[in-house]
Structure formats: C-alpha cells, structure tokens
Amino acid sequence: MSASQETFDGRDLPVRLTIEREQNDHISPSERLREARESGEWREFEFFDPMVGKSGAQSARAVTRYADAREVLSQPGLVIGGLADAAEQQGESIAGQPGFLVFLEGEEHRRVKAVLSRHFGVKRVQGMRPEIERIADKLLDDLPADGATSADLYSAFFLPLPTLVVCYLMGVPYEDAHDLEYWSGLQTDITAPTEEVQAGAVALREYTAALVSRVKANPGGDLMSALVHDYIDTLSDEEVVGVAMNIFAAALDTTSRFGTLSTLTLLRNPEQLAYVREQGGLSEPDMDELLRFLSPATSTMQRYVTEDFTVGQNSMKKGERFMVSLLAANWDPEFIGDNPGLDLRRGRKSHLAFSYGTHTCAGQHLARLELSIALTKLFQRFPDLRFDGDYHDLGWMDNDLIYGIKSLPVAWGEG
Amino acid sequence: MGSSRYPLPGVKGRPCVQRIIIDRELCVMAGQCVIAAPEVFDQDDDGIAILLDENPPDSEQGNVNAAIDACPARAIWYDE
C-alpha cells in the first residue's frame, strides 16, 4: 500500500489522513498526523466526504494543533464544504436538506440551532435521567438472561441504549430503529457507494417526513411533538424534517460507538478501571477525559474559508479548504502535557471532541449523561466484567467519520 | 483576564469576581460555562447563557476563568 493511495473493492480511495490512527493500538494519532502537528504546518491532505459523494481525491489543509484548531474554528465566515459537490451529483444528498444543522451557516444556522439547543441544554437533559436509567437497567437485566455469561456489548447494550433513548424522545417504534441507524450510518461511511448513501438519505427523509405529518395530526408529549408544534413559526415544514433527521443521524452512531470504545478502553486499562470502581462509576467529567482520549469524531467536516486569515506561521486564503483533526489536537502536548494517555484523575480539560465554534455539538450533554449512567451501571452490575476477544479483530471502523468497533465481546462470572 | 476586583455599591469590602460580560449574539448554547461554573452561569429558555449571580464571590474566580476558556464561541469575557 503506497503512502498516498489504497484501494477498496477496486475503487481508489484517497488516504484519509485526518482520521488516521496508529495500527498497533487503533486509538492514538498516526505518525503522519503527529509529524504534521510537530511541524506546526497546515499540510495538504486528501480526504473523501461520503455525504456529498464526490468521487476521486479531494484535498484540504489539516489543522492539527490544539491552539490552532481553536483559532481557526473561531474565524468568521467559515462555510461548510461539499454543498456544491453534492449539488453536482445525480440524486439527493443529505447536504441539501433544510434544517440539517451541520450544513447550515450564519443566521440560518443560528435560528435552527436555537431550536435544537433549547431541548438539549445542560440542566434540561437531566430531566431525561429517569428514562435513561430505566432503559439501561432493562438492557443490563437482559444480558445474563438464560444463564448467559458472555455478550457482545455493542449489539446487546451500546447500540440499543441510545436507540431506545431516541425512540423515546421522538415517539418512534423500536422496530423502525434498525432502519434509522442503517440509513444514518451510511452518511459517515467512506466505503459506502454514493448511490447507497443517497438512497439512505432519501429513505431517512421520507420516514421523517411521514413522522412529522403524523405528529402534526396527533401531537404527543415528546420532543418530536414539541419540535413540530412549538416551532411552527420559526421553522419551515422542511426544516422540522431536517432537525428531526439531524437528531436521528447524530444521536445513534456517535453515542453507541463511543460507549463501546470507552468500555473496551477501561477493560484494557486495569489501573483506570480500578479508579472507576473506587469512585463507584463514571461521572460526566470522566466522560470528558474518555472523549478527549478517544476523539470519536476524529476530524471536523471540510470547510471553506471566505476571508483570508493568518494564525501564527500559517495563513489561509479565501477559497481554501481545511479540516481539523480533533484527534491530533486533543493529544497535542501543548494542551495535554507529556502523557496523552487516558488519565481520569487529570480533571476536566476543554477538549475538542465536540469540536469548537458555531458548530459545536448540540447533543453533547445528552451523550455524556447517557453514557455516564450506562457505564456506571454496567460496571456496578458486572464487577468482574472482562474483555473476551482479540483486540485487533473487533472490526475497527477505520473508514468511518465516526469511529467505533463492530463488536465488543465480554464475559463475566464463569464465562 | 485580570484579577482586579472592586467592591460594588452596597456590598462594600466584599471581594467579587470582576464584572462578567456575556455576548448573547455570539453564544452557541453549548453550555460549557454552566458545566464549569454552575453557581454562576445557567441557560435561559432559549439555551443562551445567562448570569445567575451578577456578583459572584471570589471563590468562584477559578470556575469563571475555566468557563471563559471553555466557551467554544468565545462569548464570555471580563469587563475592562
């Protein structure tokens, strides 16, 4: 495999340098990312953006230092890239959906984000605690059913958990959730053929539009009803569909994959796991250290610059494109010191796992809450839980914008 | 960010954190300030950051500094 190219199913894939991890541990930033960060330069890297489907290599400058990342993401006039590419494709892309936050900018972005953020504020999400606890308890009750002493925690716990939470929030039957996760998952999968990604976007849109219509006719007490009815003056019908699609797309794979990786990380790090057990579980600040260490959204979306700017030794000109490696920035020694490894004792740091600037993740408080509850209960319920697989054979999602593994085999008791 | 303090009218002699400014237009409703200094910051019904305490005590200085650093929109600062 050459340094600049690899193939998948016979199709040339550009090297995805902004999401590269070391192959020996599958977590830390690759040597190429570290070198770029040490140089301080914003080097040109190739990437592929599944949501807009442009084939062939595109390139963007990669920002890898923590301080640079914050400066760059604070610049005025940044515009998400890929919209023109998406418009050129045959077929519909999720990038064209009104109300789908990640592709919006300026006033439009602010107006729509305000709607989402209102429901996912720090204190507001605490109201979801009882339901999250109920869901986690039920899933954990089911794990040792029929005397089982082993399980795949991804499919049996961490995938159903946020799925059931989303179903609860959005008034969606659980039977429909498999499709929702499948259609959403295509949007971040670099290897998925463009036609399938587009078909997934269309299917997600149609499902959501039908849901919105039903809710309009028959409002309930859930979040979906609030979105439809409270924002009738602020959002267009299409935007309501987009906001709901955004919740489906952003609340499933992110939380499930990060929860799975966090558990694997703790099971493989006895010293940190001992600390968790001493504490009686994981607090929300503990989730922040796991977020920093794992950086599950490995890099930002591609963005265009609309005004020249300079930060230190680097400049960007109008029309240039960049991505930030959140992983490289979160492991930057100038931010985290000489030991970038997992250290739950280090205290809360302002990491970039949820990015920075206007597009900072709106769902982050729900994610932290869900997983601090889930992980705490998991380790309390299974005090002898152990990893029972081959670390290199877990189906590491090296080709996805949201990092994860396809299974987490564990055992307990005599298993 | 300075550590200069001044007693406020009617609260003579009590050390307080320097006056805090929140720019509501810049705020992206990320809630990092609430996490860093929950006694000082909250989110209003629109998710925008607000001050719970216009005159937070000295003991909150560290938390407020952390909130300012954590804000991804750079929407909080100390009045000069």
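Biologist: How many residue pairs are in polar contact across the interface of chain A and chain B?

Modeller: The rule finds 14 such pairs, both residues at pLDDT 80 or more. A polar contact is a pair of N or O atoms within 3.5 Å; within protein, one must be able to donate a hydrogen and the other to accept it, and residues adjacent in sequence count only if both atoms are side-chain atoms. This is a predicted model, in which local features need pLDDT of at least 70 and side-chain atom pairs count only at pLDDT 80 or more, while totals for chains, interfaces and linings use all residues. Residues are numbered from 1 along each chain as its sequence is written, chains are lettered from A and ligands numbered from 1 in the order in which they are written, and side-chain values use heavy atoms, with hydrogens and water left out.

Biologist: Which helices of chain A each supply at least two residues of the side that touches chain B?

Modeller: Helix H2 (66-73), H4 and helix H17 (364-381) of chain A do; helices (H or I, at least four residues) and strands (E, at least two) are DSSP runs, numbered from the N terminus. H4(A) gives the most, with 5 residues. By residue class, this side of chain A divides into 3 nonpolar, 9 polar and 8 charged. Ala, Val, Leu, Ile, Met, Phe, Trp, Tyr, Cys and Pro count as nonpolar, Asp, Glu, Lys and Arg as charged, and the others, Gly among them, as polar.

Biologist: How many residues of chain A are in contact with chain B?

Modeller: 20 residues of chain A are in contact with 24 residues of chain B, contact meaning heavy atoms within 4.5 Å.

Biologist: What area do chain A and chain B bury between them?

Modeller: About 1700 Å², 44% of it on carbon and sulfur atoms. Buried area is the accessible area (1.4 Å probe) that two parts lose on being put together, summed over both. On the side of chain A, A:Arg110, A:Val122 and A:Lys123 lose the most, together 30% of what that side buries.

Biologist: What makes B:Asp69 and A:Arg70 a salt bridge?

Modeller: A salt bridge is a side-chain nitrogen of Lys or Arg within 4 Å of a carboxyl oxygen of Asp or Glu. The N to O distance of this pair is 2.9 Å, so the pair qualifies. The count between chain A and chain B is 4 salt bridges, and the structure holds 26 over all chains.

Biologist: How do you know that A:Arg118 and B:Asp46 meet in a salt bridge?

Modeller: The side chains are 3.3 Å apart, N to O, so they meet the cut-off. The pair crosses between chains, from A:Arg118 in helix H4 of chain A to B:Asp46 in the loop between strand S2 (41-43) and strand S3 (49-51) of chain B.

Biologist: Why does A:Arg118 count as partly exposed?

Modeller: Buried means under 20% relative accessible area, exposed over 50%, and partly exposed in between (1.4 Å probe, protein chains only). A:Arg118 has 26%, so it is partly exposed. B:Asp46, at 33%, is partly exposed by that rule.

Biologist: Why are A:Arg257 and A:Asp253 called buried?

Modeller: A:Arg257 has 5% relative accessibility and A:Asp253 has 3%, so both count as buried. They form a salt bridge, with the closest N and O atoms 3.6 Å apart. Both lie in helix H12 of chain A, 4 residues apart, about one turn of the helix.

Biologist: Why is A:Glu131 called buried?

Modeller: Its relative accessible area is 17%, so A:Glu131 falls under the limit. A:Glu131 lies in helix H5 (residues 129-142) of chain A, and a polar contact of 2.8 Å joins its side chain to that of A:Arg134.

Biologist: What makes the span of helix H11 of chain A close to the expected one?

Modeller: The expected span is 1.5 Å times one less than the number of residues. H11(A) (residues 237-251) has 15 residues and reaches 21 Å from its first C-alpha to its last, against 21 Å expected.

Biologist: How do you know that H11(A) is mostly covered?

Modeller: 11 of its 15 residues are buried, including A:Val241, A:Met245 and A:Phe248. The buried residues pack against several helices of chain A, among them helix H9 (194-217) and helix H12 (253-267).
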